[in-house]
Amino acid sequence: MTLHCAVLDDYQDVALTLADWSSLPGTVEVRSLQEHFTSEEALAAEVGDCEILVVMRERTPVTASLLARLPRLRLLITSGMRNASIDLEAAARHGVTVCGTASNSEPPAELTWALILGLARHVTTESAALRGGGPWQSTLGTDLHGSRLALMGLGKTVPRSPGSVMPSAWMSWHGVETSPTNGPPNTASYGPRRSKSSWKRAISSPCICSSPTAHAD
């Protein structure tokens with residue numbers, strides 16, 4: 001019996017080169033889909049023959065209604081160990097096993113710094129102007145040295161060592177495990193526990209606030 005596996009939302013068409021798919025038995029046929037399906041009906045028509053689906057993070061929500069359209073599905077794999085867009089209870093009702101893959105926590109921190117530096121120095125604006133024959137150095141950047149960085153909702157996203165997140169000579173920093181709106185933040189892993197009021201005081205001076213991702217591992 002041949003099993004069918006589809007990888008969803010492989011925008012860059014790289015999924016089949018980033019893992020050793022050859023280790024699968026010859027009875028499993030794997031295909032990669034670069035197109036994102038906004039319609040559950042269209043998606044179900046495309047992968048209705050599949051017993052296995054691989055989803056890329058939260059790009060396609062796997063809802064109860066979608067699962068009901070996929071009676072052949074038996075295994076659902078997500079990149080990373082957590083995926084808030086999968087209806088786990090519905091998957092269990094339909095007899096679908098859900099599992100995840102290992103992932104690195106460093107890339108979100110690196111991408112966050114790329115965004116911070118890009119915004120502080122207007123990299124996109126200046127690059128577009130340079131390439132389009134626009135004005136040279138039309139903006140004024142912001143110094144990061146001496147600024148304060150507020151990190152909210154760290155989880156596993158940011159490495160535990162401050163030095164691995166940013167050059168300590170640049171900025172002071174404060175980190176919290178949860179958003180201040182969800183109750184008093186716990187900063188035990190990053191410094192002393194702060195009350196909600198002390199957290200507000202900590203970021204009351206000019207600072208850069210960053211939440212790397214909402215559901216990153």
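Contact here means heavy atoms within 4.5 Å. The model is predicted. By that criterion, and leaving aside neighbours within four places in sequence, Val47 is in contact with Ala6, Leu8, Arg31, Leu33, Leu53 and Leu70.

Val47 also belongs to the largest nonpolar core, which has 20 residues. Seven members touch the most other members of this core: Leu8, Val47, Leu53, Val62, Leu67, Leu70 and Leu76. Four elements give two or more residues to the core. These are helix 1 (40-47), strand 3 (52-55), helix 2 (64-68) and helix 3 (88-93). Helix 1 gives the most, with three residues. Another core lies apart from this one. That core has eight residues, among them Val7, Val28, Val54 and Ile77.

Charged pairs were examined next. Side chains of opposite charge can pair when their charged atoms come close. The structure holds four salt bridges. Three of the pairs are described here.

Asp49 and Arg31 meet through their side chains in a salt bridge, at 2.9 Å from N to O. Asp49 lies in the loop between helix 1 and strand 3, and Arg31 in strand 2 (residues 28-32), so the pair ties together parts that are 18 residues apart in sequence. Asp49 has a relative accessibility of 29% and counts as partly exposed. Arg31 counts as partly exposed as well, at 24%. Arg31 is also among the contacts of Val47.

A salt bridge also joins Arg57 and Glu58. Their closest N and O atoms are 3.6 Å apart. Arg57 is partly exposed, at 21% relative accessibility; because buried means under 20%, Arg57 does not count as buried. Glu58 is partly exposed, with a relative accessible area of 29%.

The side chains of Arg121 and Asp143 form a further salt bridge, with an N to O distance of 2.9 Å. Arg121 lies in the loop between helix 4 (106-120) and helix 5 (123-131). Asp143 lies in the loop between helix 5 and strand 6 (148-152). The pair therefore ties together parts that are 22 residues apart in sequence. Arg121 has a relative accessibility of 44% and counts as partly exposed. Asp143 reaches 52%; exposed means over 50%, so Asp143 counts as exposed.

Definitions and conventions:
Residues are numbered from 1 along each chain as its sequence is written. This is a predicted model: local features need pLDDT of at least 70, side-chain atom pairs count only at pLDDT 80 or more; totals for chains, interfaces and linings use all residues. Side-chain values use heavy atoms; hydrogens and water are left out. A nonpolar core is a set of buried Ala, Val, Leu, Ile, Met, Phe, Trp, Tyr and Cys residues joined through side-chain atoms within 4.5 Å. Buried means under 20% relative accessible area, exposed over 50%, partly exposed in between (1.4 Å probe, protein chains only).
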